[in-house]
Amino acid sequence: VHNSVTLYRLPSGTDFRASSFTLDIDADSWTFSWSASLHSSARAHLQRSSIDERVEVLCVVNGVQLRLVIESMGRDRSFPEDRLRVQGLGRAAFLDDNVGSFGNATERTAQQLMSDVLTVNGVSLGWTLDWQLTDWVVPGNLWTFQGSHIEAIKDIAGAVGGYIQPHLTDQVLRVLHR
C-alpha cells in the first residue's frame with residue numbers, strides 16, 4: 001500500500017507532503033495524537049504568530065480529512081536530509097486549554113450538563129455533542145467539577161461507563177458506550 005499524506009496550514013492552505021506520519025487514538029483518548037516528518041523548509045510556514053496560538057492543520061490521509069493542531073516541532077536529522085519532526089493532537093485539544101469550575105444548581109440531564117460545560121458564561125464554545133448514550137437525570141447541586149472543559153466532559157461520560165471520541169473534522173464530540 002502506498003499511502004499519501006499531505007498537511008495544509010490553516011487558514012492559508014500552504015501544503016506540506018509528509019515523508020512519515022503516525023496517528024493514534026483509542027477508547028481512553030479523547031482526541032488524536034499524531035506526528036509527522038516534513039521537509040525542513042516547512043518550519044517557516046508552521047511557526048506560531050504568538051506564544052499562545054495553536055497552529056491548526058488539515059491533514060489528508062489517502063483522501064480522508066482530519067483537523068489537527070501542532071503541539072511541538074523539532075529537528076529530525078536523518079541522513080541525507082535535515083527534516084522537521086512535528087507532533088500534535090486533534091483539534092479537541094482546544095477544550096483542554098482553560099480550567100474552570102462546573103456544576104449544576106438545578107436538575108439537569110447528563111446531556112444538558114455536557115452542553116453547559118461547552119459554554120463560557122452561557123456562550124457556546126462552538127462545540128456540539130453527538131450523544132449516543134442513554135441519558136439520565138442529575139439532581140440539582142449534585143455534580144461539581146474543577147478542571148478543563150474536556151476533563152469535565154470525560155467525568156460526566158465516565159459516570160456511566162461512556163467515553164469521548166472526536167469527529168475527524170468538525171467541532172463535534174461523540175459520546176459513546178464503552
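In this predicted model, Arg54 comes out as partly exposed, with a relative accessible area of 21%, so it sits just on that side of the cut-off, since buried means under 20%. Arg54 lies in the loop between helix H1 (43–46) and strand E5 (55–61), and its partner Glu71, 17 residues apart, belongs to strand E6 (residues 64–78). The two side chains meet in a salt bridge at 2.1 Å, N to O. Glu71 is partly exposed as well, at 33%.

Arg54 also picks up Asp97, with the closest N and O atoms 2.4 Å apart. This pair is 43 residues apart, Asp97 being in the loop between strand E7 (81–90) and strand E8 (99–103). Asp97 counts as partly exposed at 38% relative accessibility. Through shared partners, the salt bridges tie Arg54, Glu71 and Asp97 into one network.

The full tally is seven salt bridges. Among them is Asp28 with Arg178, at 3.0 Å from N to O. Here the partners are 150 residues apart: Asp28 is in the loop between strand E3 (20–24) and strand E4 (33–39), and Arg178 is in the segment after E16. Both residues are exposed.

As for the sheet, three strands line up in the order E12-E16-E15, open and with mixed pairing. E12 (128–131) and E15 (162–166) are the edge strands, each with a single partner, so one side of each has no neighbour in the sheet. The twist averages 30° from one strand to the next. E15 and E16 (residues 172–177) run antiparallel, joined by five bridges; Tyr163 has Leu176 in E16 as its bridge partner. Helix H2 (residues 110–117) packs on the sheet and touches E12, E15 and E16, its direction making about 155° with that of E12. Helix H3 (residues 149–158) lies across E15 and E16, at about 140° to E15.

Terms used. Residues numbered from 1 in each chain as written. Predicted model: local features only at pLDDT ≥ 70, side-chain atom pairs only at ≥ 80, totals over all residues. Heavy atoms only, no water. Pairing = 2+ DSSP bridges. Helix = DSSP H or I, 4+ residues; strand = E, 2+ residues; numbered from the N terminus. Axes fitted to C-alpha atoms, helices over the stretch in contact; angles between N-to-C directions. Contact = heavy atoms within 4.5 Å. Salt bridge = Lys/Arg side-chain N within 4 Å of Asp/Glu carboxyl O. Buried < 20%, exposed > 50% of the residue type's maximum accessible area, 1.4 Å probe, protein only.
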